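User: Please take a close look at one strand of this predicted model and at how it sits among its neighbours. After that, go on to the cysteines and the empty spaces.

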Amino acid sequence: MNLSQDTEARLHRGKRKILDDFGADPNVTGAGIGFRRRDGQWTDEPAVVVMVAKKRPEALVSNRRLLPRTVEVDGSPCEVDVIQAGPFSMGRVSDPAREVTAAALEGVTGRMRPPRPGCSVSNPLDGDTAGTLGLFVIDKTDGTVCLLSNNHVLARMGKGVKGEKIIQPGVRDGGTAAKDTIATLKRWVPITTAGTSVDAAIAQLADQSSCSTQPALDRMPPLSATHPAVGLFTGGDQYGGGLITRMDKAIAALKVDPAVSTSDGKLVPAPAEAVVPPKPFMNIEKVGRTSGYSSSVITAIGVESLILTPLGMVLYTDLAFTDRFGRAGDSGSMVLFGGDGKTLVEPEEESSCPLLGSVGSYYGLPLTEDNDLADDLRDDFLAQSLVGRLLIRIPYINQQAVIDRLQGKQATGNERSYASQYYAKYHDFMATVLADPNSTAVVTQEHLDDSIFVINGLAQTVLTPQETQLAYTLYEKALMPTLGMNRRQVLEYMNGHDLYTLVYDAIAKVPTIELNGPIELPR
């Protein structure tokens, strides 16, 4: 499938409109253009591809933040496809807490002589890091052989100085400047906080005759006119998604040609056909320091996204995006056209709910460790009743408002102390009741007294006067009648139409709480 020039231009205008209208939303992590996918299958429908940190059903998204299904361009609609991807950070290894060992993923962390595309490299002045050697190139200015990788792998985000040593393996993998230097930093494309579309640098090979163009692991052939380069893996997210710098732009900016080997082992400039621009639905493959060999499909091109870097958040533009393609440490990997598109990298464990993180930080509670318990409360209890399904929607729809309200704030010492006491008192109790559908535990007066104590505390700190009145109303009219009920009885009570109407109408009167309309009651 290919996009015509006119279609590409229309989609880019649609992308611009989406980013202008929704780009400031913290949940929107980027946008590009490509084709729509339905139920995981590609279609031939051109679409603006919008990336969000967390994709949820429409009913759980605030109307103000709900992305449109189409965007009007030149008087006609363009399809909008929303995918879960991001937030993105640079794809080098620098955070031990997030690293998955390359050995577990068939990575390339060891010393490799001669060096080959896909192996571990770093600039030792950049600290305990490692990225990936992308490919070898011929410098058009003097004919020397250089290695090409990301700026943030070789040139310390542009803070490097010409002549700095580049080592193989990288520092994270045990390399040292004293014994493992293979090249010296030569040239890079600048990166500033204003943004960039190219993250690339070159380092001149110390031994001009000691290198191999055959990628490490021998899982794919070397670069050639029939196996062309598409780009450099540049950044990724926790799901394995990857942002890719275009190879054609990188080599043009650095004034280099990709190198290929002749039959006698000499390196010469590759033919022009050995570099192609990325296209949606194109199969791609790479070998990277951490995840080793992988093959996926390009989901979107022309991507604009913020990437977390040592400079802060930097806007990267005109990138390609692909699913489940790499991990931290794969930065700089050469991405080539080819592969089966199905040899995917497993995603990392999903991060905790941002709402739990925000509330937990405010009260000093380890709520980020309770994702599973929160899911059990949602799926195994609340989702089983009318009122419960309404209550599920409220925190999702109003999540960002809560996060913004608590941002930069912290509960008082007394509040944190009480919060800790109640957390310890009810955490295991809730887990036990949720784990047993036939639990005989009942709502006691002590439970109700604790509830009103908590409401009184919230009323003095985080709730508005109208929210406080809502809490008291629901306590009196909805919670107090549960005294003496067990789990099964509470669920039956929460399935009542009258209770649902009471709760919905009370919440709807509070202007600071957003609703997307009532759940349709069964007839």
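Analyst: Gly235 has Leu243, in strand 14, as its bridge partner. That contact belongs to the pairing of strand 13 (residues 229-236) with strand 14, which is antiparallel and spans five bridges. The two strands form a hairpin with five residues between them, and within this hairpin Gly240 adopts a positive phi near 90 degrees. Like everything else described here, this is read from a predicted model.

Strand 14 also pairs with strand 19 (residues 312-322), again in the antiparallel sense, through three bridges. Leu243 takes part here too, standing opposite Phe321 of strand 19. Leu243 is thus a point of contact with Gly235 and with Phe321. As for exposure, strand 14 covers residues 242-246, and four of these five residues are buried.

Turning to the cysteines, the whole structure contains zero disulfides. Cys119 is in none, and the nearest cysteine sulfur to its own, that of Cys211, lies 11 Å away. Cys119 is buried, its relative accessible area being 0%. Cys211 does not bond either, because its sulfur is 10 Å from the closest cysteine sulfur, that of Cys146, which is too far; a disulfide would require the two sulfur atoms to be within 2.5 Å. Cys211 also counts as buried, with a relative accessibility of 17%, since the cut-off for that class is under 20%.

Next, the enclosed spaces. Across the whole structure there are two cavities of 30 Å³ or more. The second largest cavity has a volume of about 40 Å³. Its lining consists of Pro117, Leu135, Phe136, Thr213, Leu223, Ala259 and Met334. By class, six residues of this cavity lining are nonpolar, one is polar and none is charged.

Among the open spaces, the second largest pocket has a volume of about 600 Å³. It is lined by 27 residues, of which Arg37, Gly40, Thr299, Asp323 and Arg324 are the closest to its centre. Strand 1 (28-38), strand 4 (76-84) and strand 18 (292-309) are the elements that each give two or more residues to this lining. Strand 4 supplies the largest share, four residues. By class, the pocket lining has 10 nonpolar, seven polar and 10 charged residues, whereas the lining of the second largest cavity has no charged residues.

Terms used. Residues are numbered from 1 along each chain as its sequence is written. This is a predicted model: local features need pLDDT of at least 70, side-chain atom pairs count only at pLDDT 80 or more; totals for chains, interfaces and linings use all residues. Side-chain values use heavy atoms; hydrogens and water are left out. Buried means under 20% relative accessible area, exposed over 50%, partly exposed in between (1.4 Å probe, protein chains only). Two strands pair if DSSP finds at least two bridges between them. On a 1 Å grid over the protein atoms alone, a cavity is a set of points where a 1.4 Å probe fits but cannot get out, and a pocket is an open set with protein on both sides within 12 Å along at least five of seven lines; lining residues have an atom within 4 Å of a point. Grid points are joined across faces, edges and corners, and a volume is the space filled by probe spheres set on the points. Ala, Val, Leu, Ile, Met, Phe, Trp, Tyr, Cys and Pro count as nonpolar, Asp, Glu, Lys and Arg as charged, and the others, Gly among them, as polar.
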